[in-house]
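Reader: Hi! I'm new to looking at protein structures. Could you walk me through how some of the helices pack in this one?

Author: Happy to! Let's have it in front of us.

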Amino acid sequence: MGSGIVECASRAGYEVVLRSRRLETAEATLAGLEKSLAKHVERGKLSEEDRDAALGRVTVTAELGELSSCDLVIESVVEDLTTKKHLFRELDRVCESSALLATNTSTLPVVELAMETNRPDQVCGIHFFNPAPAMSLVEIVRPLTAAESTIAEARAFAEACGKTPVEVKDQAGFIVNHLLFPYLNNAVRLLEAGVASRDDIDAAMRGGCNFPMGPLALLDLVGLDTSVAILDALYDEFRDPHYAAVPLLRRMTTAGLLGRKAGKGFYDYRK
Ligand SMILES: NC(=O)c1ccc[n+]([C@@H]2O[C@H](COP(=O)([O-])OP(=O)(O)OC[C@H]3O[C@@H](n4cnc5c(N)ncnc54)[C@H](O)[C@@H]3O)[C@@H](O)[C@H]2O)c1
């Protein structure tokens, strides 16, 4: 997700600092960005000049301190509250007191991240969808602590990236994942119960609902570990059995069958 967000911001004209824990990861992400932009050029959707300009606006680093002069920082690390809380404490320490700190979390309570900082009024969720350059929606998540100006700035940023922002309260799953994940989870339940095959479940939802992608293919795209983390956060908040991750989903995650990013999930991408 991080690389997609960098692509959106750099193409919109923002100077972007791409930070990963290891420089090699940051450089690999930049290589991915180059590849993605090259595809847009090939398809005639981006000029070579604009591609070069977008790449010229991105710098990569492994140093958190290099984020110090950013006006807006969007974290998109693993969907784990402890990891994100730790990162927000660090970001609060290194960033200018005027900077806005945002999270791309899919479900976690944004207020918990805000309260790790000395600027809870300047923290909100800016939730992109996968793949970020292609998906038009951004959810702007308003924790109880956020100032009106924070939400306005986040919305303006999303609009500058060419996205359609919607505003939502800081409640697990926000709008999209609140509605989407019971459906995805139930698709795995059908597969687990042997009601239908993988291909037939996906074909049914593509053909019957005109969805561009079946639920099992979509889980592979999201990542099964991220999906379990999303369901766990939803279940923690609502205690609704629809959000209890189906055992097969959890077992596949434990087995490392995480979907596209691992080369294998419900489908095999290694061929
Ligand atoms: N996958 C999706 O479809 C999707 C969609 C929207 C939002 N999100 C959200 O985006 C975030 C990232 O999801 P993803 O799917 O890209 O996950 P991912 O597992 O593909 O990538 C997470 C990255 O975070 C890195 N990381 C872990 N701990 C870190 C730390 N302390 N500091 C810096 N980097 C660290 C990992 O090395 C990894 O590269 C999550 O909050 C997720 O909920 C995901």
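Author: Keep in mind that this is a predicted model. To start, the crossing of α1 and α2 is right-handed.

Reader: Cool! At what angle do α1 and α2 pack?

Author: The angle is about 55°, and the axes of α1 (residues 2-11) and α2 (residues 23-42) are 10 Å apart. That makes α1 oblique to α2.

Reader: And which residues of α1 and α2 meet?

Author: From α1 there are Ser3, Val6, Glu7 and Arg11, and they meet Thr29, Leu33, Ser36, Leu37 and His40 of α2. By class, the contact of α1 with α2 has three nonpolar, four polar and two charged residues.

Reader: Nice. How do α2 and α3 cross?

Author: Their axes cross at roughly 165° and come within 10 Å, with α3 covering residues 48-56. That makes α2 roughly antiparallel to α3.

Reader: Which residues make that contact?

Author: α2 brings Leu30, Leu33, Glu34, Leu37 and Val41, while α3 brings Glu48, Arg51, Ala54 and Leu55. Six of the residues in the contact of α2 with α3 are nonpolar, three are charged and none is polar.

Reader: Switching topic: what volume does the second largest pocket have?

Author: About 170 Å³. Its lining has six nonpolar, one polar and five charged residues.

Reader: Which helix gives the largest share of that lining?

Author: Helix α10 (residues 224-238) does, with five residues. The whole lining includes Glu79, Thr107, Pro109, Ala172 and Asp232.

Key
Residues numbered from 1 in each chain as written. Predicted model: local features only at pLDDT ≥ 70, side-chain atom pairs only at ≥ 80, totals over all residues. Heavy atoms only, no water. Axes fitted to C-alpha atoms, helices over the stretch in contact; angles between N-to-C directions. Helix = DSSP H or I, 4+ residues; strand = E, 2+ residues; numbered from the N terminus. Parallel < 35°, antiparallel > 145°, perpendicular 65-115°, else oblique. Left-handed = near helix turned anticlockwise from the far one by under 90°. Contact = heavy atoms within 4.5 Å. Nonpolar A, V, L, I, M, F, W, Y, C, P; charged D, E, K, R; others polar. 1 Å grid on protein atoms, 1.4 Å probe; cavity = no way out; pocket = protein on both sides within 12 Å on 5 of 7 lines; lining within 4 Å. Points joined across faces, edges and corners; volume = space filled by probe spheres on them.
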